[in-house]
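I am keeping these notes as I go through the structure for the first time. Each entry records what I looked up and what I found.

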Amino acid sequence: MDIIRVEGGHPIEGRVCVSGAKNSALKLMAATLLAPGKTTLTNVPNISDVHVMGKVLKGMGATIEVVDEHSLVIDTSAVDQWEAPYELVAKMRASTAVLGPLLGRMGKAKIAMPGGCNLGARKIDMHILGLEALGVKFDTEHGYIYADAGEGMHGETVTLEFASVGATENLIMAAVRAKGTTVIDNAAREPEIVDLANMLNEMGAQITGAGTPVVTIEGVSELHPVTHRVIGDRIEAGTFIVAGALMAGDAGVEVVGFAPHHLGMVLKKLELMGIDFERIEGGVRVYRVDTIRPVDIQTLPFPGFPTDMQAQVMVLSALADGSSVITENIFENRFMFASELVRMGANIRIESHHAMIHGVKGFSGAQVTSPDLRGGAALAVAGLIADGTTEVSAIHHIDRGYEHFVKKLVELGAHVERVTVPDPIDD
Ligand SMILES: CC(=O)N[C@H]1[C@@H](OP(=O)(O)OP(=O)(O)OC[C@H]2O[C@@H](n3ccc(=O)[nH]c3=O)[C@H](O)[C@@H]2O)O[C@H](CO)[C@@H](O)[C@@H]1O
Ligand SMILES: C=C(OP(=O)(O)O)C(=O)O
């Protein structure tokens, strides 16, 4: 098995360019189903989740040409299947993003029910309720959801109970091919939704209001393929900014390739914590912090503090000069990371969806396990400042969403390596 080994205490310096956003690229790949022909996506991150989405699309009859490491030509001309099988949905929940596009393209879909994951139950009832309002009939049998749009979908006003990112995306991707006008009220406002709407509009869709709580979609009869660049990954950027705040040398660390306004609330909270950074072309330069001020944080839909940055910022809170509370409002089980950080010396008590964090003077390197994608990356970042060596296992979680994570850290001067070690349970 592969682990990431981090030798703590070495300053990092220089510039890191983040990759395209996982949470955008996966949805854009699904959306290519709506435009028969060859869509080119650039700035696609080379991560395992993108490979899984590629397999989902190929299973439907698409072909994918890898032009270079970050550019894919996805040809959906010959798509004639409408199933997302269990093996792939179980590997990657974002596979459910093909539901809306399949309904738009084929009028039907068969999707393995995603079930829960290590973050929580992650239901898709809001996706289903919204699509039912557009006229889609649903059935579930043998662990699969069958969706049928019959003679076609019709526009409707859909009010989401919660500003769900996935439900907003599936509804937009179905509604672009519905007859008439769909209005999504209480829509998610994440930058990835805007990226998706931008690409669909380039394809000929008529979507207005993306990035606001009310998105209006006028259905169109066809969409055409385009070339589109995926936005930079704000969460990868945030992860490296935290690393810089902990370990930057005198010249700071430049994190570029993303739009700082996509990380507005994170930067605001970091500022309150005493982290010093400045805007530079295409990103920020962050400096090492001497004393971290304790600041309470709660995760919320955009423009609130993103759940995907909760673990990384908890690393800072755990070293703050005082106590703070982090409240997780999106996923009921996203604190597993905290118990691993405790193994490195952090003082964190979890009560329901609150983490009570009492700052400690430092971490001590330890063997820890990635509980999930962001938690795994955060443990490696904690290892940068820890005393001694930290070994992070279960790094397949990190591979899902961070391209060349170790290489990027090494290029900044960190003492980090990816090594293959014998699996301790094998003789
Ligand atoms: C609002 C929010 O922060 N969404 C995050 C969520 O998106 P993702 O699209 O995965 O999740 P949603 O935004 O849909 O879900 C947010 C919450 O609503 C619940 N829910 C959702 C849909 C539904 O039909 N029924 C239901 O109960 C989920 O279980 C979860 O507790 O995870 C992604 C990966 O970490 C993040 O990039 C997104 O920023
Ligand atoms: C948990 C994440 O992704 P996913 O929704 O694919 O599980 C994430 O991006 O942090």
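Entry 1, a strand pair. I looked up the partner of Asp2 and found that Asp2 stands opposite Thr420 in E24. I am working with a predicted model, and I keep that in mind for every entry. Strand E1 covers residues 2–7, and six bridges join E1 to E24 in an antiparallel run.

Entry 2, the sheet around that pair. I followed the neighbours and found an open sheet of four strands, in the order E22-E23-E1-E24 and with mixed pairing. Which strands stand at the edges? I noted strand E22 (367–369) and strand E24 (415–420); each has a single partner strand, so one side of each is left without a neighbour in the sheet. From one strand to the next I read an average twist of 25°. As background, I wrote down that strands of a sheet pair through backbone hydrogen bonds, either parallel or antiparallel.

Entry 3, the helix on this sheet. I looked for what lies across these strands and found helix H12, residues 373–385, across E1, E22 and strand E23 (389–393). I noted that H12 runs at about 170° to E23.

Entry 4, another sheet. I found an open sheet of four strands with the order E2-E15-E17-E16, and its pairing is mixed. Its edge strands are strand E2 (12–17) and strand E16 (277–280), each of which pairs on one side only. Neighbouring strands here are turned by 15° against each other on average, direction ignored. I then checked E16 against strand E17 (residues 283–286): the two pair in the antiparallel sense over four bridges. Within this pair, Phe277 stands opposite Val286 in E17.

Entry 5, the helix on that sheet. I found helix H8 (residues 234–247) lying across E2, strand E15 (248–256), E16 and E17. The direction of H8 is at about 175° to E15.

Entry 6, two helices together. I looked at helix H6 (residues 165–175) and helix H7 (residues 191–202), which pack at an angle of about 10° with their axes 10 Å apart. I therefore recorded H6 and H7 as roughly parallel to each other. Which residues make the contact? From H6 I listed Val165, Thr168, Glu169 and Ile172, and from H7 I listed Ile193, Leu196, Ala197 and Leu200. By class, I have six nonpolar residues, one polar and one charged in the contact of H6 with H7.

Entry 7, the domains. I looked up the division of the protein and found domain 1 (2–19 + 232–420) and domain 2 (22–218). Taken over C-alpha atoms, the centres of domain 1 and domain 2 are separated by 30 Å. I noted 19 residues of domain 1 in contact with 14 residues of domain 2. Helix H13 (residues 396–401) gives the most to the side of domain 1 that touches domain 2, with three residues. I sorted the residues of that side of domain 1 into seven nonpolar, four polar and eight charged.

Entry 8, two backbone details. I began with a reminder that most residues other than glycine have a negative phi, and most peptide bonds are trans. I found the peptide bond from Phe302 to Pro303 to be cis, with omega near 10°. Pro303 lies in the loop between strand E18 (297–298) and helix H10 (310–317). I also looked at Asn43, where phi is near 60°, a positive value in a residue other than glycine. Asn43 lies in the loop between strand E3 (38–42) and helix H2 (48–59).

Entry 9, the whole protein. How many helices and strands does the protein have? I have 14 helices and 24 strands in my notes. The C-alpha atoms fill a box of roughly 65 × 45 × 45 Å, taken along the principal axes. For 427 residues, I expected a compact globule to have a radius of gyration near 22 Å, and the protein has 22 Å, which agrees.

Conventions. Residues numbered from 1 in each chain as written. Chains lettered and ligands numbered in written order. Predicted model: local features only at pLDDT ≥ 70, side-chain atom pairs only at ≥ 80, totals over all residues. Axes fitted to C-alpha atoms, helices over the stretch in contact; angles between N-to-C directions. Parallel < 35°, antiparallel > 145°, perpendicular 65-115°, else oblique. Contact = placed C-beta atoms within 7 Å. Nonpolar A, V, L, I, M, F, W, Y, C, P; charged D, E, K, R; others polar. Domains from an automatic or database assignment. Pairing = 2+ DSSP bridges. Rg over C-alpha atoms; globule rule 2.2 N^0.38 Å.
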